[in-house]
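Biologist: I am new to this structure and would like to go through it with you. Could we begin with a single residue and work outwards?

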Amino acid sequence: MKCGLVAADGAVVHRETRPTPRDAGGRAVLHALLETVVELEQKASAEGHRVRAVGVVVPGIIDAETGTVGAENLAWVGTPVLAELRAAVGPDQQVILAHDVRAGGYAEFRQGALRGTTNSLFLPLGTGIAAAMVVDGSLVSGDGYAGELGHTRFVHGDDAELCACGQRGCLETVASAAALARRYGVRSGKSVDGAREVLELLAAGDPDAKAVWDEALAVLVDALVLYTTLVAPTRIAIGGGLVGAGETLLAPLREGVHARLTFQREPEIVAAVLGEEAGCLGAALMAWDLVSGEQ
Ligand SMILES: [Zn+2]
């Protein structure tokens, strides 16, 4: 887990990365999170800072009403993360719990590739795919449920693979970094060490790499056209591991979207700029919003 201490002006005073004890189960992950928050507060105090609020962002579905989290990869099922956080930091501290991709999008919106927009989309293509949607100047939360573009169906018929979410043919089953590596393995019979290797094979002219890449691009164009038609973003920032492909990814997405649009407003399609730090920074920016809201 990535964590840090961030000043009111957004400057990162301290940052560190700690292991997430996934193999030890959901309880252990939660304990590690609480311990991290408490230790960072102690560190801040020891260095003469005063922590005004705590921002924590996690993957999965965060029920905004109850503060409980369901996250398959952390072995959390209805886990009362917000209540446990509040108990750990005490009644005087403000705490915000949010979704990691939404927080990353908020950081891009405030300080990164989406700065200055009022309607935009942050779409990281990583192990999974989720989205952060800025609509009419605000980040859309949907009580914690919004933005799951990765779990919208774009593949039909026999080719639709079962998704981790239980549905079939989701965007994520074809266009995430994990899907690219998995699908290349199935198609070619060769195992690869992640999407990065598929991209290297693509650059070297491997036909199986080109096939899975083209399929990913096709569903991504479908998803971006759908989003553009519904919400009319002026800018779309692609993030996550796959954006390391640069123009190999962005140029065909731009061309594909351009060719499909008729009446819709065409968005710019750019790379996100904050990288892996986006979620952590977004958590801090959301926490500072709590503080400024109370003044
Ligand atoms: Zn799904």
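Biologist: Which residues does Gln111 touch, not counting residues up to four places away in sequence?
Modeller: Please keep in mind that this is a predicted model. In it, Gln111 touches Asp9, Gly10, Leu281 and Leu285.

Biologist: Where is Gln111 found?
Modeller: Gln111 belongs to helix 3, which covers residues 100-111.

Biologist: How far is Gln111 from Ala278 in sequence and in space?
Modeller: The two are 167 residues apart in sequence, yet their C-alpha atoms are 9.5 Å apart in space.

Biologist: What is the relative accessible area of Gln111?
Modeller: The value is 29%, so Gln111 is partly exposed.

Biologist: Let us change topic. What about Thr36: buried or exposed?
Modeller: Thr36 is buried, with a relative accessible area of 4%. This residue is part of helix 1, residues 26-46.

Biologist: Which residues is Thr36 in contact with, leaving aside its neighbours within four places in sequence?
Modeller: Thr36 is in contact with Met1, Cys3 and Arg18. Of these contacts, Cys3 counts as buried too, at 9% relative accessibility.

Biologist: Since a cysteine has come up, how many disulfides does the count give?
Modeller: The count comes to zero. A disulfide is a covalent bond between the sulfur atoms of two cysteines.

Biologist: Why is there no such bond for Cys3?
Modeller: The closest cysteine sulfur to that of Cys3 is in Cys280, at 6.5 Å, which is too far for a bond. The cut-off for a disulfide is a pair of cysteine sulfur atoms within 2.5 Å.

Biologist: And what does Cys165 count as, at its relative accessibility?
Modeller: Cys165 counts as partly exposed, at 38% relative accessibility.

Biologist: On to the strands. What is the order of the open sheet of three strands?
Modeller: The order is 4-5-6, and the pairing is antiparallel.

Biologist: Which strands stand at the edges?
Modeller: Strand 4 (61-63) and strand 6 (76-79) do. Each has a single partner strand, so one side of each is left without a neighbour in the sheet. From one strand to the next, the twist averages 15 degrees.

Biologist: How many bridges pair strand 4 with strand 5?
Modeller: Three bridges join strand 4 to strand 5 (residues 68-71), in the antiparallel sense. Within this sheet, Ile62 has Val69 of strand 5 as its bridge partner.

Biologist: Now helix 8. What should its residues span, and how far apart are its end C-alpha atoms?
Modeller: Helix 8 has 14 residues (247-260), which should span 20 Å at 1.5 Å a residue. Its end C-alpha atoms are 19 Å apart, which agrees.

Biologist: Which residues of helix 8 are buried?
Modeller: Leu249, Leu250, Leu253, Gly256 and Val257 are buried. Seen down the helix axis, the buried residues fall within an arc of 135 degrees, so they line one face. Glu255 and Ala259, on the other side of helix 8, are exposed.

Biologist: What do the buried residues of helix 8 pack against?
Modeller: They pack against helix 7 (207-231), strand 11 (235-239) and strand 12 (268-271).

Biologist: Finally, what do the buried residues of helix 5 pack against?
Modeller: Those residues pack against helix 4 (172-175), helix 6 (195-203) and helix 7. Among the buried residues of helix 5 are Leu180, Arg183 and Tyr184.

Biologist: What comes just after helix 5?
Modeller: Gly189 does, and this residue takes a positive phi of about 75 degrees.

Note on methods: Residues numbered from 1 in each chain as written. Predicted model: local features only at pLDDT ≥ 70, side-chain atom pairs only at ≥ 80, totals over all residues. Heavy atoms only, no water. Pairing = 2+ DSSP bridges. Helix = DSSP H or I, 4+ residues; strand = E, 2+ residues; numbered from the N terminus. Axes fitted to C-alpha atoms, helices over the stretch in contact; angles between N-to-C directions. Expected span 1.5 Å × (residues − 1). Buried < 20%, exposed > 50% of the residue type's maximum accessible area, 1.4 Å probe, protein only. Arc of directions from axis to C-beta. Contact = heavy atoms within 4.5 Å.
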